[in-house]
Amino acid sequence: MYLADRSAPSGAKTAPTDRGSGRAPAVASTVLALGTVSLITDISSEMVTAVLPLYLIAGLGLSPLGFGALDGVYNGVSALVQLTGGHLADRVRNHKLVAGLGYGLSALCKPLLLLAHSLGPISVILALERTGKGLRTAPRDALISLSTPDGLQGRAFGVHRAMDTTGALLGPLAAFLILGVAVDGYDAVFGVSACVAVLGVVVLLLFVPSGAGGTPPRQAAAPPAALPAPARPNPVRLRDAAALLRLPRLRALALCAVLLGLTTVSDAFVYLLLQRRTGIDDQWFPLLPLGTAAVFLLLAVPAGALADRIGRRTVFLTGHALLLAAYGLLLWAPDWPALPYLVLALHGMFYAATDGVLPAAVAATVPESLRATGLALVGTGQALARFACSLAFGGAWTLWGTGPALAAAAAGLLCCAAVAGHVLRPSPPVPAAPAPPDPARRP
C-alpha cells in the first residue's frame, strides 16, 4: 500500500547507532533542534493567527467571503512558493540555508503588521509571511526525513509536529493574556510576535546542523589524506523534479492530498462556525485553537508510531473520518455543553493522524537527492486545494449560510475519502513464479 510502504528509497540514510548498545536513537538531534525552532516560530505565528479572524471581521468589517479570499491567499501563496523552496534546497544541496531564508522572511514581516491598519497592506504582509513559510516547509521536512531511518519516519515527524504544536498551544494563550492586559491589544500581540519570531531564527542558526545527520560522524581510522575526495553530486534539474510524478506512489499521494484538501475547511472557519454554533463570547475566541493544539500535542507522537506499525494509509484515512465527525457535530448535534470540547478534540485528532503521516509517506517514496522536491510537490497540491476550499466555502457561507456550506463540505469529504481509500488500497500480491524443472531429475 502506498501510505504503508516502508521500503527505503535508493540512497536513503540510516540514523547513527549508539556505540554501546548498537541501537539507533529514537529521535535524531536534528529533529529535536528543528522541533525547537518550530515551537518558537509557532508561538509567534499562532499569536497572530488566533486574533486575525476577529481583527479582520469584527475590527475591519470584512465579510465571510472576503475573509475566505484572504485566508485562501494566505495559504495559497505558501503553496506556490513551497515548490520553489523544495527544488531550490535540492539544487543548492543546502536545506538549512533555504529554510533559514524562509524563517527570516517570516520574522521580518511580523513587525510590519504594526504599521498596517487596512486590508490592502495587511494582505500584502500576510502574503510575504506565507512566502517565508512556503520556502522553509519542504527543506525543513527534508532535514527531518534525511536524519531518520525509514522505519522511524512517522515517529520523527510525530515528535516534530508535537513540538510544533506546543508552540501552537502557547501562541493563542499568549495572545489571550496580552489582549487582557494591553491597551492597544492587537498591536501588542503583533509586537510580541515579532520578538519571538526573531528568537526562532537565532535558534535555527545556532543549533540546527547544515547536514542531515543527527550526530557527528565517527572518526575514520585512516588519516584524512588517505581518504579519496567525495564526488560532487550533479545539480538537480527541473527535469528531474518533474520526473518524480512518474512514480506511481507519489502520484497517488499527490492525488489524495489534493482531493482531501478540496474539502478540508480551514481552521479559522471551523472556529468561527463553532463560535456561532455555541455562542462563545469574543473574548474567549483566541482560546479555541488551544483545544485543537492540546489534543494534537498529546496524540502526534503516538499516531506517528502507530502509522509506522500498522500502515500509514489506515491512520491517514481514519484522521479524515474524524474530521467528518467534527463536521457532523457542528451540523446536527444538539446544544450540549460538551459540544465545543468534542469538536475541538476531533479536530486535534484529525491533525495528529494526518499532519505528520503524509510527509512520512512521501519521504518513503522519493530518492534522497530529491527529497525536498518530492515533499514540496505533494504539499503544494494539498495547499492549493485548501486555498480553493477557502474560496468556495467563504462564497457558499455568504450566499447560502453556514449550514448548507458545511453540509456541502461534509458531503465532498465523504466522497473524496472514499476515492482516496480506493486509490491507496494495498497492491495485490505478485504471484511467485513457478520453479524451473530440475534437469538432473529424470521422469
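The lining of the second largest cavity comprises six nonpolar residues, one polar residue and three charged residues. This description refers to a predicted model. The cavity in question encloses about 60 Å³ of space, and 10 residues line it, those closest to its centre being V48, K110, L113, L126 and E129. Two helices, helix 1 (29-59) and helix 4 (119-146), each supply at least two residues of this lining. The greatest contribution is that of helix 4, which provides four residues. In the structure as a whole, the search identified three cavities of 30 Å³ or more. Rolling a probe the size of a water molecule over the atoms reveals where empty space remains.

Burial was also examined in helix 3, which spans residues 95-109 and contains G100. The relative accessible area of G100 is 16%, and this residue is therefore classed as buried, the cut-off for that class being under 20%. The C-alpha atom of G100 lies 9.4 Å from that of P139, although 39 residues separate the two along the chain.

At the surface, a nonpolar patch is formed by V198, L199, V202, L205, L206 and F207. Together, these residues present about 610 Å² of accessible area. One member of the patch, L206, is located in helix 6, which covers residues 185-207. With a relative accessible area of 62%, L206 is assigned to the exposed class, because that class requires a value over 50%. L206 is thus exposed, whereas G100 is buried.

Key:
Residues are numbered from 1 along each chain as its sequence is written. This is a predicted model: local features need pLDDT of at least 70, side-chain atom pairs count only at pLDDT 80 or more; totals for chains, interfaces and linings use all residues. Side-chain values use heavy atoms; hydrogens and water are left out. Patches are made of residues with over 30% relative accessible area and no salt bridge: like charges are joined within 9 Å, nonpolar side chains (Val, Leu, Ile, Met, Phe, Trp, Tyr) within 5 Å. Accessible areas come from the Shrake-Rupley method with a 1.4 Å probe; for residues, only the protein chains shown count as cover. A salt bridge is a side-chain nitrogen of Lys or Arg within 4 Å of a carboxyl oxygen of Asp or Glu. Buried means under 20% relative accessible area, exposed over 50%, partly exposed in between (1.4 Å probe, protein chains only). On a 1 Å grid over the protein atoms alone, a cavity is a set of points where a 1.4 Å probe fits but cannot get out, and a pocket is an open set with protein on both sides within 12 Å along at least five of seven lines; lining residues have an atom within 4 Å of a point. Grid points are joined across faces, edges and corners, and a volume is the space filled by probe spheres set on the points. Ala, Val, Leu, Ile, Met, Phe, Trp, Tyr, Cys and Pro count as nonpolar, Asp, Glu, Lys and Arg as charged, and the others, Gly among them, as polar.
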